[in-house]
Every structure is written in C-alpha cells, then in structure tokens.
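Thanks for making the time this morning. I would like to walk through one protein with you, going from single helices out to the whole chain, so please have the sequence and the model open as I talk.

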Amino acid sequence: MFQPRRTAQGPFAAALSMAELVYHSVVRQVRKQHNNAFAAIGINIFQAVMFVGVFYVMFTVLGMRGSAIRGDFVIYIMSGIFLYMMHTKTVTAVVGSEGPASAMMQHAPMTTMIALAASALGSLYVQMLSLVMIMSVYHLAFNPVDIYDWSGVFGMMMVAWFTGVAVGMVLLAIKPWAPSFTTIFTSLYQRANMIASGKMFLANTLPTFMLTMFDWNPLFHIIDQARGFAFINYNPRYSNWEYAVWVGVVLMVIGLMGEFYTRKHASASWNARR
C-alpha cells in the first residue's frame, strides 16, 4: 500500500534505465579509490608510469635491450605493461564488485549484473584513459608514436579486458563460498602474471622448453600478438589471439553459471561464522 506503483516499461525505456544505473555505478566505482575522480585516475597513471620506468631501468642495467624488437624501446615496454595492467586491474575490479549479499543489493533497481558491469566498465574507462594520456604525453614531449596497426593493438586491449572480466567472473562466483581462498588466489594470479604474461620477452626468442611454461596463459598470447600489431618487423609465430578469446568465452560461461547459482543461495549470515 505504501510502495509506489511501477508502470510497465518498454524495451527501450528499460534499456535506458539500466544504462543510467550502470553509469552511476561506474562513477561510484571510479571514485571508490579516491574521493576525487581525477585523483583516482592520476593514481593509476602514476602506477603505469612507475611500471614503465622500472622496467626501462631494469632492461638498461641488465643489458636486455638487445633482446627487444627493433623499434621504439619504450613502446615495446608499454605494449606489455598496459595489457598487463588492463587484464589484472579488471580481474581485481570484477572480484571486488558488489555480491548478492551486499548492502547495495537492498536497493530495488540494483542487481549483481549491474554492479559487475559497472566494475568492468569502470576499469576499462580508467585504463584506456590512462593509456591515452600517457601515450599523448610521450608523443608530444619525447618521441612520436608510430604504431603499425592501431586497430589490431586496440583489439588486443579489448581481448585483455574481456579475459580479465571472464577470470574475475569465475573468482566472483567462488568468493561467497571461499572468500579467503579467492583473496589469496587473486593476489597470486597478479604476482604470477608479472612473469607468466611474457611482457619482458618475446615468444619467438624462447626455446621450446620455456615456451611450454607460458603457453597456457592467454595474456601471454595477447601481449605477443599485440607486439606483432605494433611493430612492422615482428611476426609472432608461437601465439594466437583466438586461443585467448576462446579461453575467455569458456571462463565467462562458467562464471555466469556460477554467479547465477551463488546469487540464488548466498546469504548475508554466511559472514557471521567467519
């Protein structure tokens, strides 16, 4: 009696309503790290610049620059760093999204799918904006950026984001059942990809016994393919982006099924016994 009646919405109105909810949720996700949205994006830009600087110094000191592709050495480093950050940051954002037992789910329009979409899109927005700003500054202040195939590199960025969403979906479905395991595994996954992603070397230069150690990782294939699109004189022979896409599709299906099952059974009282 005291609840407002809802009139039936058409498909277009329902889509606009959901898009508005996702938009406001994305803004909330971006501002979650810092009250100022510009500061939140600035922190991510600083992290990316620090990664690039550390790897540049490491490659120079250790004399590993000769193993890189002929071309702009900074672009070579950025092609690995940006894809790594896109993937791992998306995994972390999706895993940290609001679950079915969250207080946010008590608001009628809010659903776990909206929260998940907001986390994924918020991470994509921050990472792409950081990439554009860093590349613009580098292009204007240091050296003109020359990418062989921009569309191919952008496609690999989207595949890295998609696989990050898929991995995060699986972990999000497991999280209510085993929160400690999910936290530890997410941290280990990020640390392992520092090496296993292959951002420090090229697949074409690896011996066979080492190639089998990294061939399982879709991010390894994505980074190697992105460098093939970025540099005209590099042709990746031991990686393919189709593998990464299919792994992402399989993990996404598993994650959606797990999230649906968890949403039906999760309860806020689970945390009382932990």
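**Helices, loops and one surface patch**

Let me begin with helix H3, which is mostly covered, since 20 of its 23 residues are buried. I should say at once that this is a predicted model, and what I describe is computed from it. From its first C-alpha to its last, H3 reaches 34 Å, which is close to the 33 Å expected at 1.5 Å a residue.

H3 also brings us to the next element, helix H6, because H3 (73-95) is among the helices that cover the buried residues of H6, together with helix H5 (150-174), helix H7 (208-214) and helix H8 (218-230). H6 itself runs over residues 179-196, and at 1.5 Å a residue its 18 residues should span 26 Å, which agrees with the 25 Å between its end C-alpha atoms.

Which residues of H6 are buried? They are Thr182, Thr186, Tyr189, Gln190, Asn193 and Ala196. These residues cover an arc of only 140° around the axis, and therefore they sit on the same side of H6. The general background is that an α-helix has 3.6 residues a turn, so residues three or four places apart point the same way. On the other side of H6 we find Ser180, Thr183, Ile184, Leu188 and Arg191, which are exposed. If you follow the chain just past the end of H6, you will come to Gly198, which takes a positive phi of about 75°.

Staying with that stretch of chain, please look at Ala203, which is placed in the loop between H6 and H7. Is Ala203 buried or exposed? Its relative accessible area is 0%, and so Ala203 counts as buried. Leaving aside residues up to four places away in sequence, Ala203 touches Leu211, Phe220, Asp224, Tyr234 and Tyr238. Ala203 and Pro236 are 33 residues apart in sequence, while their C-alpha atoms are 7.1 Å apart in space.

I would now like to turn to two residues that lie within helices. Asn44 is found in helix H2, which covers residues 37-61, and because its relative accessibility is 4%, where the cut-off for buried is under 20%, Asn44 counts as buried. Its contacts, again not counting residues up to four places away in sequence, are with Met85, Lys89, Val126, Gln127 and Ser130. For one of these, Lys89, the separation is 45 residues in sequence and 9.8 Å in space, taken from C-alpha to C-alpha.

Met158, the second of the pair I chose, lies in helix H5, and at 26% relative accessibility this methionine counts as partly exposed. The C-alpha atoms of Met158 and Leu83 are separated by 9.2 Å, although the two residues are 75 apart along the chain.

On the surface, there is a nonpolar patch formed by Trp246, Val249, Val253 and Met257, which together have about 430 Å² of accessible area. Val253 belongs to helix H9, residues 241-265, and at 43% relative accessibility Val253 counts as partly exposed.

Finally, let me step back to the whole chain. How many helices and strands does the protein have? There are nine helices and zero strands, so that, read from the N terminus on, the order of elements is α-α-α-α-α-α-α-α-α. Of the 274 residues of the protein, 44% count as buried, and the accessible surface comes to about 15,200 Å², with 68% of that belonging to carbon and sulfur atoms. Among contacts between residues at least 6 apart in sequence, 75% join residues at least 24 apart, and the contacts of Asn44 with residues such as Lys89 and Val126 are ones you can look up in the model for yourselves.

Technical notes:
Residues numbered from 1 in each chain as written. Predicted model: local features only at pLDDT ≥ 70, side-chain atom pairs only at ≥ 80, totals over all residues. Heavy atoms only, no water. Helix = DSSP H or I, 4+ residues; strand = E, 2+ residues; numbered from the N terminus. Buried < 20%, exposed > 50% of the residue type's maximum accessible area, 1.4 Å probe, protein only. Contact = heavy atoms within 4.5 Å. Areas by Shrake-Rupley, 256 points an atom, 1.4 Å probe, with all protein chains shown as cover. Expected span 1.5 Å × (residues − 1). Arc of directions from axis to C-beta. Patch = residues over 30% accessible without salt bridge, like charges linked within 9 Å, V, L, I, M, F, W, Y side chains within 5 Å. Salt bridge = Lys/Arg side-chain N within 4 Å of Asp/Glu carboxyl O.
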